[in-house]
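Please open the model in a viewer and follow the selections below in order.

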Amino acid sequence: MKNISIKVLSLLLAMVLISSCKNYDELVKNPNLPTAVPPNLLLHGVLNTMNNDPWSDAHIFNQFFNSTYTYYGTNNYDQDPFFNTTSGFYYRTLENVVRMEQEAKNSGAADVNPYSALGKFFRAYFYNEMTQKYGDIPVTEALQGQDNIRPKYDSQKAVMMEILRLLDEANTDLASLITAGNTTLAGDIYLGNDLRAWRKVVNTFTLRVLVSLSKKDTDTDLNVKSKFAAILGNATQYPILTGNGDNLKYVYNAQFNNYPKTPGTIGFDIHRQNVGATFLNLTTA
């Protein structure tokens with residue numbers, strides 16, 4: 001009888017312990033952190049990432065500026081010697097683009113909405129930034145998270161074709177949203193949530209990509225010449241930038257984001273860099 005009582009008590013104790021246990025995700029969850037965020041806040045972060053300021057790695061560590069402060073090294077051509085050489089990748093930013101699109105849908109937006117349309121442009125923009133630096137990069141299997149932690153690398157040609165496809169779709173989606181009178185975009189620090197202005201940016205950026213492919217003008221898969229002519233020949237279907245007022249520009253505000261090379265940054269980087277000949281000779285020529 002004593003053994004039976006012990007077994008019953010042990011079983012009851014085990015049941016109590018099992019019922020009181022929480023899984024790991026519940027234990028580490030911070031109740032003070034949000035589990036969702038409006039898409040406009042994610043858009044704001046993505047737009048800030050597009051800005052390549054004069055303090056950025058691309059300028060400092062590639063001899064566009066020469067360091068006169070020994071702590072910062074020897075002006076090597078190695079993208080980012082202080083953090084890691086993967087800083088030129090934008091997959092973390094693109095993860096935010098994916099989440100932005102998801103949150104827009106979660107808020108009730110249609111499949112084609114301002115955030116999905118700009119999401120296509122951002123993919124094209126950041127893929128272009130990366131492939132111009134590194135050549136072959138993951139695209140078709142990228143951004144799948146834990147479902148694919150080792151995405152294959154696509155050839156640079158395949159990447160460029162995907163960039164052009166995304167830009168064309170972004171233009172088409174923006175056109176349909178403009179026609180429908182959609183005004184749901186928010187958080188745009190560049191163009192004041194103006195979809196018409198963004199459409200000009202998309203098509204002008206497409207021209208820029210095509211110019212970079214000009215030496216491949218005989219490639220029948222890329223169709224560089226025909227794509228270029230189609231944009232310049234149809235301003236209604238492919239509106240482009242026509243003046244400085246259309247520019248996609250990052251505005252510095254001393255109250256929130258000082259221009260990195262102003263006297264207000266004394267103690268941070270003033271007198272640490274001088275403009276390098278690589279940059280200076282090109283601009284003065």
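Select Phe-121 and, leaving aside neighbours within four places in sequence, display its contacts (heavy atoms within 4.5 Å): Met-50, Leu-167, Ala-170, Trp-198, Val-201, Val-202 and Phe-205. The model is predicted, so local features need pLDDT of at least 70 and side-chain atom pairs count only at pLDDT 80 or more, while totals for chains, interfaces and linings use all residues. Residues are numbered from 1 along each chain as its sequence is written, and side-chain values use heavy atoms, without hydrogens and water.

Next, widen the selection to the largest nonpolar core, which has 51 residues. Such a core is a set of buried (under 20% relative accessible area, 1.4 Å probe, protein chains only) Ala, Val, Leu, Ile, Met, Phe, Trp, Tyr and Cys residues joined through side-chain atoms within 4.5 Å. Phe-121, Phe-122, Tyr-127 and Trp-198 have the most contacts inside this core. Among the elements giving two or more residues to the core are helix H6 (114-134) and helix H8 (195-212); helices are DSSP runs (H or I) of at least four residues, numbered from the N terminus.

Now turn to the backbone. Most residues other than glycine have a negative phi. Select Leu-143, in the loop between H6 and H7: its phi is positive, near 65 degrees. Leu-143 is partly exposed (between 20% and 50% relative accessible area), at 26%.

Then move to Asn-223, in the loop between H8 and H9, where phi is also positive, near 50 degrees. Asn-223 is partly exposed, with a relative accessible area of 33%.
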